[in-house]
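Here's a quick walk through the fold, written for someone who would rather be at the bench. Keep the viewer open and follow along.

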Amino acid sequence: MEVGVGDLVNVLFHGREIVGVVRGIKLTSEARKLAPVRSVALREWCSIRDVERIERIASCIAQSPSSLLHALAPSPYASPAFTAVPQKSSHSVKRTDVEQVTEILGKAESTQAIVGDFALGVVLVHALQKSAKDQVLVLVPTERDVELVGTGAMLHGHTKPKERSSIASAWRQGKIKLLVGTRLASLLSAQKISAIVVLDSGNNEHASTRRNPRFDAREAAKLLAAQHKAKLFFVDPLPRLEELNGLSNLQPATCNLVSLKDPLERTSLDLISALLLEVMEQTLLSGKKVLLFLNRKGVAKRLQCGACGHIPLCGTCGNVPSVRKDDLVCAHCGTEMWLPEVCPSCGKAKIHLRGIGGAKVSDDLQKQFPGEKIGVIEKGKIENPDANILLVTEYFFSSFHKPFDKMTLGVVADLAGDLGLQNDDFRSAEETARKLSRLVLLAKREGAECIIQTWLPDIIQPMLRLDQFITNERELRVRYKLPPFASRYLLDGTTLGDLPESLKQFARPHGDAIEIRSPSAYGQGAALPLHLLPDSIKITPDTSYAPSASPQEPK
């Protein structure tokens, strides 16, 4: 029997046939018992470099290569040949998008982080489809986004097994020139890739955290681009710091920043400033629509003074702490703080958990504008989507809005731009800046006015200058050893004391962080070699799959 590295073979294992991938060939073996290869299912299914890439990812996420290969292996039945269906784009492309894409393609950098919306990314994809010599891979976060791109072969979680198998085979043989897919597409073997485009690259859906294999398609794309020497593009309103090396010449956002603590901006409506109310009235008179963003359904809670509007900040690093049951904790530096009895700013005992959610704002708007319908677009509730006043949550952008549709907006506003800062995640500032940038880009595309309201203008102001925010965030991440300047591992189901002393001794010289998520265990250690950890420990890594080019990279 002729067997080669990368072949897919049928192996007799514990009395049943399973599919395996040939990793290497030896003439002799020291193994006490061998499983026979019954037949070759598919020759040259992948290359040795593909196998090494999969093994690299598996090592970083503390899972076996089989967990990844199982998702890729074709069905046992014969796969039908893939038939490409020609598709013509119906997107209305703006001249400014074409000019920006031409400038992007004219740069020589192998990796580019591009500040832009989904529509700009789609224009880039179409330009690469026409100009690239070899294959182009497009990675999107959700199945809906696959359809929004509107061209190329499509692969996502609901693709039927036969079709998925035929697409993977045609992609491996080079018969498909453009593949648009979700996470799984980043693992596939290809003949020769010229360019990889990751759209909406800051979206958390690019990383699988709910089921195996738990990998990050953005990090997998970096390994794939290095293997094929392909150009790599990350398109997002604000790409993650992991992809921001070399990004420069960023323009400040064109918008109005309103402090909700300013007495002159207070109105009878919660979260509706005097400036926003005036602009809303002018917009409705002009026949255009109003889009208000508030990512809070029902009632939301935050710690705030009812007298002066002060929100307590972390005394160590100056960020917004998250509220727990009995105290505050900072997601950046880990500092824990007692809930204050009086306001640190004005000294009055009016600092409490306060709730302002979308339900109350919607009722207030209806009273203020009795002649207008109030549209509400949130998960599980879509009311009056064609109304002139729309109150939307994150669901609007992830599942409702189509980037090429003209909405005729006159004003786009974030009612409380700092709400996301109180999430218990060190990425909360980055995510907040991303959402602000997304609103600014939407307003620019619509030719609308943009208003950002906040209780924390001193923190939000730098986020509207992305170059300044990136500099500040880098310094903060380096200081507290957070990604991308150090690896971070979250462990469930264990305590630090449960780990062998030899592992802790091995770990101490490293600068990476371990967070033990257990009621009885606290503390930080150093990076542990994941392949040596007990199987009973559940691990969630937040780390790069490949060595970083950053000078601050830990040894």
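## The chain as a whole

Counting up the secondary structure gives 14 helices and 24 strands. Keep in mind that this is a predicted model. Of the 555 residues in the chain, 49% are buried.

The accessible surface adds up to about 27800 Å², and carbon and sulfur atoms account for 51% of that. As for who touches whom, take the contacts between residues at least 6 apart in sequence: 71% of these join residues at least 24 apart.

## Around strand β9

A good place to start looking is β9, residues 231-236. Here 5 of the 6 residues are buried, so the strand is largely enclosed by the rest of the structure. One of its partners is β4 (residues 111-115), which runs parallel to β9 and is joined to it by 5 bridges. If you want a spot to click on, T111 sits opposite L232 of β9.

β9 also pairs with β8 (residues 193-199), again in the parallel sense and over 5 bridges. In that pairing, A195 faces K231 of β9. What links up with these two strands to make a right-handed β-α-β unit? That's helix α7, residues 217-228.

## Helix α7, the connector

The length of α7 checks out: its 12 residues should span 16 Å at 1.5 Å a residue, and the C-alpha atoms at its ends are 16 Å apart, which agrees. The helix is mostly covered too, with 10 of its 12 residues buried.

The buried set is a mixed bag of residues: A217, R218, E219, A220, A221, L223, L224, A225, Q227 and H228. What do they pack against? Their neighbours are α1 (48-60), β5 (135-139) and the strands β8 and β9.

## Helix α4

Next up is α4, which covers residues 118-131. Its 14 residues reach 20 Å from the first C-alpha to the last, close to the 20 Å expected at 1.5 Å a residue.

This helix is mostly covered as well, with 10 of its 14 residues buried. Those are F118, A119, L120, G121, V122, V123, L124, V125, H126 and L128.

## The seven-stranded sheet

Further along the chain there's an open sheet of 7 strands with mixed pairing, in the order β10-β21-β20-β11-β19-β17-β18. The edges are β10 (256-259) and β18 (381-383), each of which pairs on one side only. Neighbouring strands in this sheet are turned by 20° against each other on average, ignoring direction.

At the β18 edge, 3 bridges hold that strand to β17 (residues 374-378), and the two run antiparallel. Look for E378, whose bridge partner in β18 is K381. Helix α8 (residues 274-285) lies across β10, β11 (289-293), β19 (389-392), β20 (409-414) and β21 (449-454), and runs at about 150° to β11.

## One last residue: Y489

Finally, find Y489 in strand β22, residues 488-492. Is Y489 buried or exposed? Its relative accessibility is 10%, and the cut-off for buried is under 20%, so Y489 counts as buried.

Y489 also brings together two separate parts of the sequence: P541 is 52 residues away along the chain, yet the C-alpha atoms of the pair are separated by 4.5 Å.

Terms used
Residues are numbered from 1 along each chain as its sequence is written. This is a predicted model: local features need pLDDT of at least 70, side-chain atom pairs count only at pLDDT 80 or more; totals for chains, interfaces and linings use all residues. Side-chain values use heavy atoms; hydrogens and water are left out. Two strands pair if DSSP finds at least two bridges between them. Helices (H or I, at least four residues) and strands (E, at least two) are DSSP runs, numbered from the N terminus. Axes are lines fitted to C-alpha atoms, for helices over the stretch in contact, and angles run from 0 to 180 degrees between N-to-C directions. Contact means heavy atoms within 4.5 Å. The expected span of a helix is 1.5 Å times one less than its number of residues. Buried means under 20% relative accessible area, exposed over 50%, partly exposed in between (1.4 Å probe, protein chains only). A crossover is right-handed if, with the strands pointing away from the viewer, the path from the first strand over the helix to the second runs clockwise. Accessible areas come from the Shrake-Rupley method with a 1.4 Å probe; for residues, only the protein chains shown count as cover.
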